[in-house]
Amino acid sequence: MKNTSLFKKGLIDGIPIFLGYLAVSFAFGIQAADIDLSPFQAGLLSLLNVTSAGQFAGLTVIATAGSYIELAVLQLIINLRYFLMSAALSQKLPADTPTIHRMGIAYGVTDEIFGLSVLADGPLRPAYSYGLIVVSVTGWVLGTVLGAAAGAILPHLLISALGVALYGMFIAIIIPPARDEGPVRITVFMAMVMSSIFTVLPVLRNLSGGMRIIIVTITAASISALLMPRDIEEGGDEQ
Amino acid sequence: MTPNVYMYILVMALVTYLIRALPLVLIRKEIKSRFIRSFLYYVPFATLAAMTFPSILTSTDMLLSALTGFVTALILAFAKKSLIVVAIGASLAVLIVEALAGIL
């Protein structure tokens, strides 16, 4: 496929992310305005970070005038999962992909964009990623600015309902492969059970959400990789 | 408000970007290790599953509506509906349950 049509395909495939982000970042914008960020500052924060959990957590540090070090460490921990995702994506890119495109794609490694990118058929083309990124980040920034500017206009009932949209998207990404592949099904189930245990057990439940996700991801993916290793097909692209 | 809000934003952005960029820029070869390849294959499923559950249960105003949304999303996804259908379907389910709960 040509680059322009790949880009368009990315734009279209990214529409659900756009809608989900619009809802979630709207909530983020409301919270940002709550600690006196202007719509511009909130929008800039969203544009430069594009990370839901990281941004929400960052607000608490900004609100309490915490140190830059504290903020940096917090972001490192919460967003460490992107490190794993980028490593996985590096295997999906053609080896000759130029550095500039690698740096461009890196900007948009989020849970949702990653989910669509890594599970797409065949090798990952930068043009497709850029399509996904443009439409998704537009929703993310737009929602933030609207939320920060117009906080309480949307009825609460609607915000509550939209809260589930992002999770619905995650489910739509992981369930179809889980339905078709036993090892994926086991991995998903294992991660959900572990995540639940971490949320209820004393001591463990004090871990930050980002830390919990990192530990669960590494543990579940390691167990699956050890017990159910995948066959390597020559030429790269399994799936 | 602190006057350093732009510095905060820059610090966050820098850390987050480096986390994302380093593996993509530095890992250029195909990884040969069967374990690492399998591990990376399973990462997204483990991450998204851990992020979704149990957090989805507290993502709305009431447990019942969240559960309904969760089950609706599972059913739609199992039927291989598109992302948007699953996301909107789950939201609608939540909306209906909460609207009913508000009336009753």
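**Exercise 1. State which residues Ala191(A) touches, leaving out residues up to four places away in sequence, and place Ala191(A) in the nonpolar core.**

Solution. The structure is a predicted model.
Step 1. Outside that sequence window, Ala191(A) touches Val216(A) and Ala220(A), and also Ala46(B), Ala49(B) and Ala50(B).
Step 2. Ala191(A) is among the residues with the most contacts inside the largest nonpolar core, a list that also holds Met169(A), Ile174(A), Ala46(B), Ala49(B) and Val86(B). This core has 110 residues.
Step 3. Helix H2 of chain A (residues 15-34) gives the largest share of the core, 12 residues.
Step 4. Both domain 1 (3-162) and domain 2 (181-239) of chain A give residues to the core, so the core lies between them.

**Exercise 2. Describe the side of chain A that touches chain B: how many residues are in contact, and how do they divide by type?**

Solution.
Step 1. The contact involves 85 residues of chain A and 64 residues of chain B.
Step 2. On the side of chain A, helix H11 (residues 165-180) contributes 12 residues, the largest share.
Step 3. By type, the residues on this side of chain A are 55 nonpolar, 24 polar and 6 charged.

**Exercise 3. Characterise the contact between the two assigned domains of chain A.**

Solution.
Step 1. The domain assignment of chain A gives domain 1 as 3-162 and domain 2 as 181-239.
Step 2. Taken over C-alpha atoms, the centres of domain 1 and domain 2 of chain A are separated by 23 Å.
Step 3. The contact joins 9 residues of domain 1 of chain A to 8 residues of domain 2 of chain A.
Step 4. On the domain 1 side, helix H5 (68-78) and helix H6 (80-90) of chain A each supply at least two residues. The largest share of that side, 3 residues, comes from H6(A).
Step 5. The domain 1 side divides into 6 nonpolar residues, 2 polar and 1 charged.

**Exercise 4. Check the length of helix H9 of chain A against its expected span, then decide how enclosed H9(A) is.**

Solution.
Step 1. Helix H9 of chain A covers residues 126-150, which is 25 residues.
Step 2. At 1.5 Å a residue, H9(A) should span 36 Å.
Step 3. The end C-alpha atoms of H9(A) are 35 Å apart, which agrees with the expected span.
Step 4. Of the 25 residues of H9(A), 19 are buried, so the helix is largely enclosed by the rest of the structure.

**Exercise 5. Compare the radius of gyration of chain B with that of a compact globule of 104 residues, and describe the fold content and extent of chain B.**

Solution.
Step 1. The secondary structure of chain B comes to 4 helices and 0 strands, in the order α-α-α-α along the sequence.
Step 2. The radius of gyration of chain B is 20 Å, whereas a compact globule of 104 residues would have one near 13 Å.
Step 3. The C-alpha trace of chain B spans about 55 × 50 × 20 Å along its principal axes.
Step 4. Of the 104 residues of chain B, 50% count as buried.
Step 5. Among contacts in chain B with a separation of 6 or more, 39% are between residues 24 or more positions apart.

**Exercise 6. Decide whether Ile100(A) is buried or exposed.**

Solution.
Step 1. Ile100(A) is found in helix H7 (residues 99-107) of chain A.
Step 2. Within 10 Å, Ile100(A) has 10 other C-beta atoms.
Step 3. A residue with 12 or fewer is exposed, so Ile100(A) is exposed.
Step 4. For its position relative to Leu89(A), Ile100(A) is 11 residues away in sequence and 15 Å away in space, C-alpha to C-alpha.

Note on methods: Residues are numbered from 1 along each chain as its sequence is written. Chains are lettered from A and ligands numbered from 1 in the order in which they are written. This is a predicted model: local features need pLDDT of at least 70, side-chain atom pairs count only at pLDDT 80 or more; totals for chains, interfaces and linings use all residues. A nonpolar core is a set of buried Ala, Val, Leu, Ile, Met, Phe, Trp, Tyr and Cys residues joined through C-beta atoms within 7 Å. A residue is buried if 20 or more other C-beta atoms lie within 10 Å of its own, exposed if 12 or fewer, and partly exposed in between; C-beta atoms are placed from the backbone. Domain bounds come from an automatic or database domain assignment. Two residues are in contact if their C-beta atoms, placed from the backbone, lie within 7 Å. Ala, Val, Leu, Ile, Met, Phe, Trp, Tyr, Cys and Pro count as nonpolar, Asp, Glu, Lys and Arg as charged, and the others, Gly among them, as polar. The expected span of a helix is 1.5 Å times one less than its number of residues. The radius of gyration is taken over C-alpha atoms; the globule rule is 2.2 Å times the number of residues to the power 0.38.
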